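Work through these exercises with the structure open beside you. Try each task before you read its solution.

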Amino acid sequence: MRCVRLQPFERKQLSLVEPWFLDADTQRWLGGPAWPRQMLDLADRPLAEFRGAAETGRYRWLAWEHDKAVGYIDCGTYDRWTTWEGGPGGRGVIGTIPRPAGSISYVVDPASRCRGYCTAMVTAVMAMPELAHIRLFTAGVEAANAGSVGCLLKAGFRPLNPEPDREGVVYYARFTISCDAYPPAGDSHQTAGSG
Ligand SMILES: CC(C)(COP(=O)(O)OP(=O)(O)OC[C@H]1O[C@@H](n2cnc3c(N)ncnc32)[C@H](O)[C@@H]1OP(=O)(O)O)[C@@H](O)C(=O)NCCC(=O)NCCS
C-alpha cells in the first residue's frame, strides 16, 4: 500500500491543484478549475446545518509523496449522518445514524491515477487525529464513477444503500468500529445517508 502525507491545503497552493481540474473526468465528477478555490472560500464560512445535521468542522488537505503533491482530499464533519430525500416533493430527512460522521471528497492528479493514491489518501484521512471522534466516514458517488467506487471499495467502504438516491448518488460508508455497537436509536434508520 502506498503511503502519503496529508498537510492542510492552503490558498498559496491553488496553482498546484487547479490544473487537475482541466481533466475531463475531474470536471465530470467534481467541477472545473474554480472548484478548489470555492472549497477554500466555503471553509471560511460559519458552520451551519446541512440536511438535518449540524456541521462540526471542515478539513482540507493535500496529499504528498516525498515533495510531490499527488492529490487533494477534504472531510466535512457532522454531529450525525442523515438520509436525505430532497428535491421537489421530497420528504427531507428520512433516516438518521446518530453518530459523528465525516463526508469525504477527493481528486488525484490525473498524471498519477491508478497507482493507489486515492486509496492511500482515504486511508490516511481516517487516521487523522482531528477526525479521531468520527464514527462513520462516508462518500457520495455516482454509480458510473468507476475510479471512485474502486477506491472506496479498496479502502473498506461499502454502500449504505446500493440503490442510487433521487440525485443518482450512492453513499459508501465505513464505520470506525463495529456496526454492532450502533443499534438504531429511537425511530432512526440504519440505512443510507446523504451529506
Ligand atoms: C476517483 C479517483 C480519485 C481515483 O484515484 P486513483 O488514485 O486513480 O485510485 P486508486 O489508484 O487508489 O484506485 C483504487 C482502485 O480503483 C480502481 N480504479 C481506479 N480508477 C479506475 C477507473 N477509471 N476505472 C476502473 N477502476 C478504477 C483501481 O484499479 C484500483 O483497484 P485495483 O487496485 O484493484 O486495480 C481519480 O480517478 C480522480 O481524481 N477522479 C476525478 C475526481 C473524482 O471522481 N473524485 C471523486 C468524486 S466522488
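**Exercise 1. Find the hairpin formed by β3 and β4, and inspect its turn.**

Solution. Start at the turn. Two residues lie between β3 and β4 in this hairpin. One residue in the turn, H66, has a positive phi of about 55 degrees. A note on names: helices (H or I, at least four residues) and strands (E, at least two) are DSSP runs, numbered from the N terminus. Next, follow the strands. β4 covers residues 68-78, runs antiparallel to β3 and is joined to β3 by 10 bridges. Two strands pair if DSSP finds at least two bridges between them. Finally, check one position: A63 stands opposite G71 in β4.

The model is predicted: local features need pLDDT of at least 70, side-chain atom pairs count only at pLDDT 80 or more, and totals for chains, interfaces and linings use all residues. Residues are numbered from 1 along each chain as its sequence is written.

**Exercise 2. Which strands does β3 pair with besides β4?**

Solution. Take β1 (residues 5-8). Four bridges join β1 to β3 (residues 53-65), and the two run antiparallel. R5 has W64 as its bridge partner in β3. Now take β2 (residues 49-50). Two bridges join β2 to β3, again antiparallel. E49 faces A54 in β3. β2 and β3 also form a hairpin, with two residues between them. R51 in that turn has a positive phi of about 50 degrees.

**Exercise 3. Which element supplies the largest share of the shell around the ligand?**

Solution. First, count the shell. The ligand is surrounded by 23 residues (C-beta atom, placed from the backbone, within 6 Å of the ligand). The closest are W29, R113, C118, G147 and G150. Next, list the elements. α2 (24-29), β7 (101-108), α4 (117-125) and α5 (146-154) each give at least two residues. The largest share, six residues, comes from α5.

**Exercise 4. What radius of gyration would a compact globule with 195 residues have, and what does the chain have?**

Solution. Use the rule: 2.2 Å times the number of residues to the power 0.38, with the radius taken over C-alpha atoms. For 195 residues, a compact globule would come near 16 Å. The protein chain has 16 Å, so the two agree. Add the box: the C-alpha atoms fill roughly 50 × 35 × 35 Å along the principal axes.

**Exercise 5. How many helices and strands does the protein chain have?**

Solution. Go through the chain from the N terminus. The tally is five helices and 10 strands.
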